[in-house]
Amino acid sequence: MDGLPAIAPAPSTGCDSVLVERGQREVFCGLTGIVWLHRKIQDAFFLVVGSRTCAHLIQSAAGVMIFAEPRFATAIMEEKDLAGLVDANDELDRVVLRLLGRRPEIKLLFLVGSCPSEVIKLDLSRAAQRLSRQMAPNVRVLSYSGSGIETTFTQGEDACLAALVPDMPIAAATAPADLLVVGCLADVVEDQFRRLFAAMGLPKVSFLPPRHAGDLPSVGPNTKMLLAQPFLADTARLLEERGATRIPAPFPFGAEGTTAWLHAAAQAMPVDQSAFNAAVAAPRARAETALARMRPELEGKSIFMFPDSQLEIPLARFLAREMGMQLTEIGTPYLHRQHLAEELAMMPAGVRISEGQDVERQLDRCRAIRPDLTVCGLGLANPLESEGLTTKWSIELLFSPTQGYDQAADLAELFARPLLRRTKLRV
Ligand code: SF4
């Protein structure tokens, strides 16, 4: 179609050339996802069953004010719990009942497992079933693991959404085809996509997760799912087991990625080509103009990405193809070759993709390259800054609305800002 990106295989970035490392890692655990998930599902509460370390992690990641009534908390396991001197299940039930008594607006409670709850083998799925029976029909209790032993960073969202899938109503085989967008998007982004789909003639599009626990969309053999995030392997697999079909597409970052993502959905539903063109023309042109203004800030600059969020490959594709950045090494904690096939095909030749991590070796490679910009987790950023490298915290890429046309220039700016700061400091 007119002006759509050519998605052709790039042999040098084929999966054979991926550097796979299994050493020491420097990534957040899956608890971090609570920070954006609790903002999205407005009547849900996330109760981490963990230690003071877990509490500090999400408290500082979320930057919650002391007077706020947040929708997450940590049930702190004390030494007597860990030593098995008390029944942790009794303690947990007491905490949950007190919480639900005080917060009647909670309709969905997630018990979130952590390293300590896993180490003492506290069975949170059984606890969730027990509490769900007790609290029915007012509150549904589900569980998932956000522990650093089992999950990295964005896998917490995957585990949370996967926990919701069994509760989704079953759509009949005779139901008309429906589009399900999967992945936590900021409300403003979701609203923009809803408007674009409606303009194409698709007024009924569902989103997982929904804004309210009671609005879980249905899923069945006529559900076409469009992944909005590249880290939803388990959720997608469970939805496929319920009959949904995944729409292969790149991810909606930048004007090009957003167009290709929307176009993949339009073709699958199907939407008339002229209706698609009419719906995207204006916002796409706006995004391209805004990106053209940002391009001089990034063009020709080299970038190195440490593995952290699993967003690295789509973001690198955007930065290379639309902003003219030079990719050096692009790391990702896991590479889902099927979900990322369209992204890999769009990557420029000669980029090293690494999967997993051996942090010391990767640091050596980064120091040898001395890129203009390094994207990494908080733990690596300060040491690298002190060595004269310019860094970007990858966590910000999750906390900010970045998908879609209207956010494309903001996304570019997130990468331009540290370069600008460094230039100012040097003057
Ligand atoms: S779940 Fe594990 S890795 Fe995450 S904060 Fe708690 S102890 Fe640390």
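Biologist: How many nonpolar, polar and charged residues does the shell around the ligand have?

Modeller: In this predicted model, the shell around the ligand has 5 nonpolar residues, 6 polar residues and no charged residues. Its members are Cys29, Leu31, Gly50, Ser51, Thr53, Cys54, Leu57, Ser114, Cys115, Ser147 and Gly148. Gly is counted among the polar residues and Cys among the nonpolar ones, so Gly50 and Gly148 fall in the polar class, whereas Cys29, Cys54 and Cys115 fall in the nonpolar class.

Biologist: Which helix gives the most to the shell around the ligand?

Modeller: That is helix H2, spanning residues 52-62, with 3 residues in the shell.

Biologist: Why is Leu142 called buried?

Modeller: A residue is called buried if 20 or more other C-beta atoms lie within 10 Å of its own, and Leu142 has 22 other C-beta atoms within 10 Å, so Leu142 is buried. Leu142 has its place in strand E5, residues 140-145, and, leaving out residues up to four places away in sequence, Leu142 touches Leu108, Phe110, Ala128 and Ala163.

Biologist: What makes strand E4 count as mostly covered?

Modeller: Strand E4, residues 108-113, has 6 of its 6 residues buried. On one side these are Leu108, Phe110 and Val112, and on the other they are Leu109, Leu111 and Gly113, so that both faces of E4 are covered. In a regular strand the side chains alternate between the two faces of the sheet.

Biologist: How do you know that E4 pairs with E5 and with strand E2?

Modeller: At least two bridges between two strands are needed for a pair. E4 and E5 have 6 bridges and run in the parallel sense, and strand E2, residues 44-50, is likewise joined to E4 by 6 bridges, again parallel; both counts satisfy the cut-off, and therefore both are pairs. Within these pairings, Val112 stands opposite Tyr144 in E5, while the bridge partner of Val49 in E4 is Gly113.

Biologist: Which residues touch the most other members of the largest nonpolar core?

Modeller: They are Leu47 and Val182, in a core of 122 residues. Not counting residues up to four places away in sequence, Leu47 touches Ala73, Ala75, Val96, Leu99, Leu109, Phe110, Leu111 and Val112. In soluble globular proteins, nonpolar side chains tend to be buried together.

Biologist: Why are strands E7 and E9 said to stand at the edges of their sheet?

Modeller: The sheet is open, and its 4 strands follow the order E7-E6-E8-E9 with parallel pairing. Strand E7 (205-208) and strand E9 (245-246) each have a single partner strand, so one side of each is left without a neighbour in the sheet.

Biologist: What makes E8 and E9 a pair?

Modeller: A pair needs at least two bridges, and strand E8, residues 223-227, is joined to E9 by 2 bridges, with the strands running parallel, so the cut-off is met. One of the residues involved is Met225, whose bridge partner in E9 is Arg246.

Biologist: Where do domain 1 and domain 3 lie along the chain, and how many residues does each bring to their contact?

Modeller: Domain 1 is made up of 11-25 + 295-426, and domain 3 covers 178-278. Their centres, taken over C-alpha atoms, are separated by 26 Å, and the contact takes 24 residues from domain 1 and 23 residues from domain 3. Helix H12 (312-321), helix H13 (341-346) and helix H17 (408-426) each give two or more residues to the side of domain 1 that touches domain 3, and H12 gives the most, with 5 residues. By class, that side of domain 1 has 12 nonpolar, 7 polar and 5 charged residues.

Definitions and conventions. Residues are numbered from 1 along each chain as its sequence is written. This is a predicted model: local features need pLDDT of at least 70, side-chain atom pairs count only at pLDDT 80 or more; totals for chains, interfaces and linings use all residues. A residue is near a molecule or strand if its C-beta atom, placed from the backbone, lies within 6 Å of it. Domain bounds come from an automatic or database domain assignment. Two residues are in contact if their C-beta atoms, placed from the backbone, lie within 7 Å. A nonpolar core is a set of buried Ala, Val, Leu, Ile, Met, Phe, Trp, Tyr and Cys residues joined through C-beta atoms within 7 Å. A residue is buried if 20 or more other C-beta atoms lie within 10 Å of its own, exposed if 12 or fewer, and partly exposed in between; C-beta atoms are placed from the backbone.
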